[in-house]
Amino acid sequence: MQTLMALVLSLGQATYHVKYTFKNVEATSTEVKGKINCDEKVCEFLLAVPVKSFLSSDSNRDLNMLQVTEAEKFPVVTAKGKFGKEVLALADAKIEALVDFHGVAKTYTISLKDKAQKANLILDLDAHKIDRPSLFGIKIKNEVPMDFDLKWKG
Amino acid sequence: MKSLLVLMVLFFSQMALADISLEELGVNAEAPKKEPSFSASQMRLRTEKLKTHEVLGLITLGAMTATYFTGGSAMDNNTHMYLGMTTAALYMTTAYYSLTAPKPMGVVDRGRIKWHKGLAWVHFPAMILTPILGYMYKRHEEDGKKHGSLESQHSTVATILYGSFAISAALMVVEF
């Protein structure tokens with residue numbers, strides 16, 4: 001297998017959406033890095049984003065997130081996998097990716113849109129052994145949707 | 001011929017699909033080796049104190065609501081006064097947990113927390129003033145004396161206290 005085509009992220013943005021009884025919180029990182037290597041048929045990819053680069057509308061909450069995710073110990077979230085080269089030309093596609101978050105790797109189905117310019121997945125916090133924050137005994141929802149905006153350049 | 005073959009193998013092995021590394025992306029996934037300026041135990045203490053602050057704040061808001069709405073019967077019985085004393089004690093305890101929570105150096109307040117803290121400059125003086133004015137009002141009422149202009153503002157100051165405190169709490173609990 002030869003790398004016939006390599007794409008690098010020129011602009012990468014990731015947003016997570018945390019849901020709680022009274023509110024939905026979102027935080028965005030503009031420091032997503034990524035690369036896709038393709039041979040004739042198959043592409044492999046790696047996306048990486050520093051945990052501390054996610055910023056919400058509240059600096060206090062971001063500090064709490066760093067503690068909950070143990071960002072000092074596990075500073076980067078990565079997603080990697082392989083897919084058929086034709087995916088890069090499709091408006092909609094689903095691929096598998098191995099997400100390493102909080103030191104625990106789990107396979108997810110990622111939905112791709114607009115020729116892999118947009119992606120989303122739903123993180124499972126319990127699967128990554130995240131001790132979910134709570135208020136009055138009510139924890140935040142286990143499922144955390146994540147959206148990615150990705151601009152690739154050859 | 002043999003060396004040419006080796007060169008070709010080397011060339012094509014470099015071209016093959018190999019796992020992309022984080023180094024290629026310029027990302028360092030290693031945890032920093034040096035001790036962090038803000039230790040994990042300090043971070044835990046911060047979280048515990050702020051969580052207590054959050055829960056006590058909401059309990060204080062409940063007590064404050066009860067105090068506010070019993071104001072009308074303050075001259076008939078002491079319920080309003082006792083509720084006010086409870087609210088003041090809860091308020092000070094809530095403030096204690098916030099003020100003593102350690103904070104990492106260099107962290108700049110951003111977003112809602114800035115408004116939350118800013119509103120303390122309104123509700124803290126109001127919290128000091130409200131019970132004093134209430135006490136003065138009740139004493140003068142019981143002694144049959146004329147009310148001063150300041151103590152007559154007890155309910156106005158209480159409204160400012162209740163409003164600013166409720167907004168401050170809502171900023172942290174509800175997403176607008």
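Trainee: How many aromatic pairs does a search of the whole structure find?
Mentor: The search gives 8 aromatic pairs over all chains. Bear in mind that this is a predicted model.

Trainee: Why is the aromatic pair of B:Tyr91 and B:Phe165 called tilted?
Mentor: The ring centres of B:Tyr91 and B:Phe165 are 5.7 Å apart, and their planes make an angle of 45°. Rings pair if their centres lie within 6.5 Å, planes under 30 degrees apart count as stacked and planes over 60 as edge-to-face. The distance meets the pairing limit and the angle fits neither of those two classes, so the pair is tilted.

Trainee: What makes this a link between distant parts of the chain?
Mentor: B:Tyr91 belongs to helix α4 (residues 79-99) of chain B and B:Phe165 to helix α6 (residues 154-173), with their positions 74 residues apart. Both B:Tyr91 and B:Phe165 are buried.

Trainee: Why is the pair of B:Tyr96 and B:Tyr97 called edge-to-face?
Mentor: Their planes are 80° apart, with 5.3 Å from centre to centre. An angle over 60 degrees counts as edge-to-face, so the name applies to B:Tyr96 and B:Tyr97.

Trainee: Are B:Tyr96 and B:Tyr97 buried, exposed or partly exposed, and how do you know?
Mentor: B:Tyr96 has a relative accessible area of 45%, and B:Tyr97 has 26%. Buried means under 20% and exposed over 50%. Both values fall in between, so B:Tyr96 and B:Tyr97 are partly exposed.

Trainee: Which residues do ring pairs link into a cluster?
Mentor: The cluster consists of B:Tyr68, B:Phe69 and B:Tyr162.

Trainee: What makes the nonpolar surface patch in chain B?
Mentor: B:Met92, B:Phe124, B:Ile128 and B:Ile132 make the patch, with an area of about 330 Å². Helix α5 (residues 112-143) supplies the largest share, 3 residues. B:Phe124 is in that helix. Patch residues need over 30% relative accessible area, and B:Phe124 has 39%, so B:Phe124 meets that cut-off.

Trainee: How many helices and strands does chain B have?
Mentor: Chain B has 6 helices and 0 strands. Of its 176 residues, 30% are buried. Chain B exposes about 11400 Å², with 67% of that area from carbon and sulfur atoms.

Trainee: Why is A:Val144 called buried?
Mentor: A:Val144 has 3% relative accessibility, and buried means under 20%, so the term applies. A:Val144 is in strand β11 (residues 143-153) of chain A. Its contacts beyond four places in sequence include A:Tyr16, A:Val18, A:Leu121 and A:Leu123.

Trainee: How do you know that A:Lys106 lies over the face of A:Tyr108?
Mentor: A:Lys106 is at 4.9 Å from the ring centre of A:Tyr108. The distance limit is 6 Å, and A:Lys106 counts as lying over the face of that ring.

Trainee: What makes phi of A:Asp114 and A:Lys115 worth a look?
Mentor: Most residues other than glycine have a negative phi. A:Asp114, not a glycine, has a positive phi of about 50°, and A:Lys115 has a positive phi near 55°. A:Asp114 is in the loop between β7 (104-113) and β8 (118-124) of chain A, and A:Lys115 is also found in the loop between β7 and β8.

Trainee: Why is A:Asp114 called partly exposed?
Mentor: A:Asp114 has 42% relative accessibility. That value lies between the 20% and 50% cut-offs, so A:Asp114 counts as partly exposed.

Conventions. Residues are numbered from 1 along each chain as its sequence is written. Chains are lettered from A and ligands numbered from 1 in the order in which they are written. This is a predicted model: local features need pLDDT of at least 70, side-chain atom pairs count only at pLDDT 80 or more; totals for chains, interfaces and linings use all residues. Side-chain values use heavy atoms; hydrogens and water are left out. Helices (H or I, at least four residues) and strands (E, at least two) are DSSP runs, numbered from the N terminus. Buried means under 20% relative accessible area, exposed over 50%, partly exposed in between (1.4 Å probe, protein chains only). Patches are made of residues with over 30% relative accessible area and no salt bridge: like charges are joined within 9 Å, nonpolar side chains (Val, Leu, Ile, Met, Phe, Trp, Tyr) within 5 Å. Accessible areas come from the Shrake-Rupley method with a 1.4 Å probe; for residues, only the protein chains shown count as cover. A salt bridge is a side-chain nitrogen of Lys or Arg within 4 Å of a carboxyl oxygen of Asp or Glu. Contact means heavy atoms within 4.5 Å. Rings of Phe, Tyr and Trp (its six-membered ring) pair if their centres lie within 6.5 Å; planes under 30 degrees apart count as stacked, over 60 as edge-to-face and the rest as tilted. A charge sits over a ring if NZ of Lys or CZ of Arg is within 6 Å of the ring centre and within 35 degrees of the ring normal.
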